Every structure is written in structure tokens, then in C-alpha cells.
Amino acid sequence: MAEITVIPAAEKCRKIIRTAAYARVSSDSADQLNSFTAQIRYYSELLKNSSDAVLVDIYAEEGISGTSSAKRDEFQRLMRDCQKGKIDRILTKSVSRFARNTKDCLEAVRELKSIGVSVYFEKENIDTAEISSEMLLTMYSVCSQEESLSISKNCRMGVHKRMADGTYKNSTVPYGYDFIDGQTVVNSQKAEIVKEIFNMFLNGHGVNDIANYLNQNNVPASQYAKKWDHTSIMFILRNEKYIGDSLFQKRYTTDTLPYRLVINNGEKPQYYAKSTHEAIISKEIFENVQALINERRKNPESKIYKAYPLSKKIFCGICGCCHRRKKRNSGIYWICRNHDDNKDNCSSKPIPETEIYSAFIRLQNKLAANCKNILTPMLRQLQDLSSKGISGNVQISEIRKEIAEIKNQRHLMATLKSQGILDAAYYTEHSAQLDRKLLNLQNQLHSLMGNDEDDKEIDGIKLLISVFENAEPIAEFNEIMFGQIVEKITVQSSTELTFRLTGGVEFTEKIRRKERRGK
């Protein structure tokens, strides 16, 4: 009989669960921020000494509503990291902290479950790794959503009442004003810029010319824009705030989730309050400007800027200047502004608009026919490179913990000062030190996060794949498609264009010479 040797089974390796925590508070109040820092501290300590789980990162947001996932940057970062395979399990305080929108909550949980990531809601004791969890999750999520809708409705009633009696205060003020101690106050330096904009417009300058003038003279734009453009100039010219009046509810938030801010075209009442603050422009000048705007709109040769598909997207490959649209007897051309102002400034040649459109059509058809051979391997390569950079998250995580701890110290000091326990001079000195540390850490974090551009590139190429994987060949220029995927066009020469698409990928397309005959 054959000799049998029993080989014992190897001990099962204990899997280390890569765990992430998600924390969120919906307002910037002191109580909420204390809760926020407590959540971060709790999760840091919870997994600090765990033998079978490792904390990958804490994804934390403060002062953000949970009614829509689109505006929650940390939530989106959490989802992306899960998709990259960096996380096995997510811990969160409750369903309402994760999402107050039932649809968003269930979609996120189902997507995470499909890639093997479970979510544990501590308050409700729901673990999505269990089969029976979705029904309970749906019930709690619906309750959380209804609670949010009720709170929102009550808040809106209060806002509408203040609008109706003229006591409503909007902390967001237009360019030329500051919001100080609950009041809209004129900023003398910016007010002079506002006056100059109105005067230039009345003297015959178009809004685009005014924007270019301000940019060329390095006049700082508003805090929401890096430079002046036609939209920001028109916003100033049409804004009744500059004559000291206020029109409330120009936009309104929809009643259903996800909430959207939309223009009020008569669906909701508006409230016009006179003399709510100090004026910068006289009513006479303002009325003259409105009349001139209406007159120019009726004139097809108006100087008010009209946006074309190629506007602000086509640049000279020689001098880098933006191209402008020119109408000639032989057709529409796009020409370098430097060359157009003075031919000696740049040797670039005008490009017929039809040739640019034709080049894009050819590029689009090539990508539609070769999407799997060009874009799919490119996406896979970027994802591989991104996953190799996971080690950088350790440093980011440590900085986030330090930031949370400093914020916690600041809140504690503020509480002690308000109770009279902490001396005012001591508070001022030490809070300034904490602020400097916080700024330094935030700069470090911004620098590290700035190196993580691969996420944007990956998202951009995913968009291209979704556009082209089932696309049919086209024969005519599609303005919507063009606006969706093209970031920039560089005119390399009179026969060559480079298209930079979303995700930062670039493709060069020749201008066919036969199309140029007779031009």
C-alpha cells in the first residue's frame, strides 16, 4: 500500500481591511464645527491600534449640505479612491451624514457594493455587506431626506418673509461693495472701477473692449473670477444694486431634491426694495445704460459680445495670442489679434472658419472609429500610474489630521475666552500662532493635492470614451459636441491645427489644401 503523507493546510492569512472614514457637518456654526472635529478625532483613535484594519484617510467636509453629492468634493474624492481600489470599507456616523438625498445614497451604496466596498452606518447599525441592509437603508434615507426637506421649507419661509418686509440681508455683495457687520458698504477703490465701466459703456465701448481694457491694466476682478470678461461686465451694467436698490429672488432654489438654483422667470414672486444701501451710480446714468443695452441688442452689428463656438478657444501657435472672428467678402475667418492689429507683430495667417470645423469633424470621426485602440489604453495607463501614487495619501492624511487638531484647539480656545476663563491677550497671541500653522499646513495640502492632477485627466478621458465609444460618423459640425470636449485649439500653421480635448489629451489635424483653393 502506498505511503501517504498529510500536508496540513496553511494558516489563513488575515486580511488587513483598508478603512476610510467620512465625516460631514452642514453648517459653519461653532456647535457643528465642534461635532466635526470630534468625528475626525473619534475615527483617528478608533483605528489607531487596530490589528486587522488600517486607516487609509479621513474624508471630511464642513459647512456642506448633504442634499446633493455633486458639490461635496471630499465625497467625490472618496468615491474616486474606492473606484481606484484603495479602500475596502467606509465608516460614517449616520445615514444623514452620508447623504440626505435617497437617490444619491442608494446609488452610491450600490456602486460601492458592486466594486466590493462596504459602508457601515454606526448610528443605525447598518452594514451594507449584509444582504438585508438595503431595505433598512432605504427607510432611514427616506426619513433623512424628508427631514431635510422640512428644514429647508421652514428656512425658505423665513427668507421670503424678510424679503417681503425689506429686512433681508444678502452676505454676497456685488463688485464695488463690502459686507461689514451685516451692512452693504461701498468699497471706495472698487467703486471707481464700477463708475469707469459705466462711463466707458456710455462713451461707445463694447463690453468685450471694456473687459480687455481692465485686464490689460491689471485691474483685479472679483473674488470669483481670475479676469474680466463680457459676463462680469454685463452683470455690473445690469445690476440695480449700484443705484442703491435691491431686487430679491432673481434666482430661486427648486423644491425637490437634488436642489438646483435656477433663474426666476416669473415662477416665483420677486421683491424690489428701494434705498437699501448707498448708491455708486446715479439713477440717470443707470437708466441711460439700460436704454443703450436694449438699443444695441436690436442692432445686429452690436458691440455687445456674442459668443461663437470658437470664441476664446483658438490661439496662435506663434505668439500665443487669442484669435478673433473677422467677416470678409470671401467668408468668415479667425485671425490672431496681434496680427490683426499690426501685421508686423505676428506672421500668423487667417484661417477660414469652415476649415477649422472640417478639421474637427475629421478628428471626431477618427476618434469614434478608433476609440478602443486610442482612448481605452490611454485610460488604463493613467489609472495604473495613479494607483502607484497611493503612498502620497499617507502624507495627505497626516496633514489633514493636523489641520483637524488645530481647528479643534481654536474652537476650544474660543469657548474658554467666551466663558471668561482665557485672557484676551493670551487668546489673541496664541490664536494668531495657530492661524499661521493652519495656513502653512493648508498650503502644504494644496501643494500635495495639486500634484494629483491625474484624477482630472482620468475623468476627462472617461468622458471622451463615453462620447466616442458608440458614436456614429458625422458630416456636419456639431456645436454641442465641440463645446463638450474641446478645451483649446492651437493654430500651428496655416495647414495644421492642434486640438486639446478634455483630460488634457492633444491631437493634431491637417488642414486639407484642396479646401483652401479659391480662398
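Select tyrosine 333 and then proline 352 in β15: the two are bridge partners. This opening stop lies in a predicted model, and the tour proceeds outward from it.

**The three-stranded sheet**

Extend the selection to strand β14, residues 331-336, and to β15; these two strands run antiparallel and are joined by 2 bridges. Adding β13 completes an open sheet of 3 strands in the order β13-β14-β15, with antiparallel pairing. The edge positions belong to β13 (323-328) and β15 (351-352), each of which pairs on one side only.

**The four-stranded sheet**

Next, display β12, β16, β17 and β18. These 4 strands form an open sheet in the order β12-β16-β17-β18, and the pairing is mixed. At the edges stand β12 (314-316) and β18 (506-510); each has a single partner strand, so one side of each is left without a neighbour in the sheet. From one strand to the next, the twist averages 25°.

Helix α11, residues 353-369, should now be added to the view. This helix packs on the sheet and touches β12, β16, β17 (496-501) and β18. The direction of α11 makes about 125° with that of β18.

The strands may then be followed one pair at a time. As a general point, strands of a sheet pair through backbone hydrogen bonds, either parallel or antiparallel. Begin with β12 and strand β16 (residues 486-493), which pair in the parallel sense over 3 bridges. Here cysteine 316 stands opposite valine 491 in β16.

Keep valine 491 selected and look towards β17, where leucine 497 stands opposite valine 491. Strands β16 and β17 run antiparallel and are joined by 6 bridges. The connection between β16 and β17 is a hairpin through 2 residues.

Continue from β17 to β18. These strands run antiparallel, with 5 bridges joining them. Select threonine 498 to find threonine 508 opposite, in β18. A hairpin with 4 residues between the strands is formed by β17 and β18, and glycine 503 in its turn has a positive phi of about 95°.

**Three helices in mutual contact**

Leave the sheets and select α6, α7 and α8. Two packed helices are described by the angle between their axes and the distance between the axes.

Consider α6 (residues 188-202) with α7 (residues 207-216): their axes come within 10 Å and cross at roughly 140°. That angle makes α6 oblique to α7. The crossing of α6 and α7 is right-handed. To see the contact, show Ile193, Glu196, Ile197, Met200 and Phe201 in α6 together with Val207, Ile210, Tyr213 and Leu214 in α7. The residues of this contact of α6 with α7 comprise 8 nonpolar, no polar and 1 charged.

Turn next to α6 and α8, which pack at an angle of about 95° with their axes 10 Å apart. This makes α6 roughly perpendicular to α8. On the α6 side, select Val194, Ile197, Phe198 and Phe201; they meet Ile233, Ile236 and Leu237 in α8. The contact of α6 with α8 consists of 7 nonpolar residues, with no polar and no charged ones.

The remaining pairing in this group is α7 with α8. Their axes come within 8 Å and cross at roughly 110°. Helices α7 and α8 are therefore roughly perpendicular to each other. Select Val207, Asn208, Ile210, Ala211 and Leu214 in α7, and then His230, Ile233, Met234 and Leu237 in α8, which they meet. The contact of α7 with α8 divides into 7 nonpolar, 2 polar and no charged residues.

**An aromatic pair**

For the final stop, turn to the aromatic rings. A search of the whole structure finds 10 aromatic pairs. One of them is formed by tyrosine 175 and tryptophan 228 in an edge-to-face arrangement, at 5.0 Å centre to centre and with 80° between the planes. Tyrosine 175 lies in the loop between α5 (133-164) and β6 (177-180), while tryptophan 228 lies in the loop between α7 and α8 (230-237), so the pair ties together parts that are 53 residues apart in sequence.

Key: Residues numbered from 1 in each chain as written. Predicted model: local features only at pLDDT ≥ 70, side-chain atom pairs only at ≥ 80, totals over all residues. Heavy atoms only, no water. Axes fitted to C-alpha atoms, helices over the stretch in contact; angles between N-to-C directions. Parallel < 35°, antiparallel > 145°, perpendicular 65-115°, else oblique. Left-handed = near helix turned anticlockwise from the far one by under 90°. Contact = heavy atoms within 4.5 Å. Nonpolar A, V, L, I, M, F, W, Y, C, P; charged D, E, K, R; others polar. Pairing = 2+ DSSP bridges. Phe/Tyr/Trp six-rings, centres within 6.5 Å; stacked < 30°, edge-to-face > 60°.
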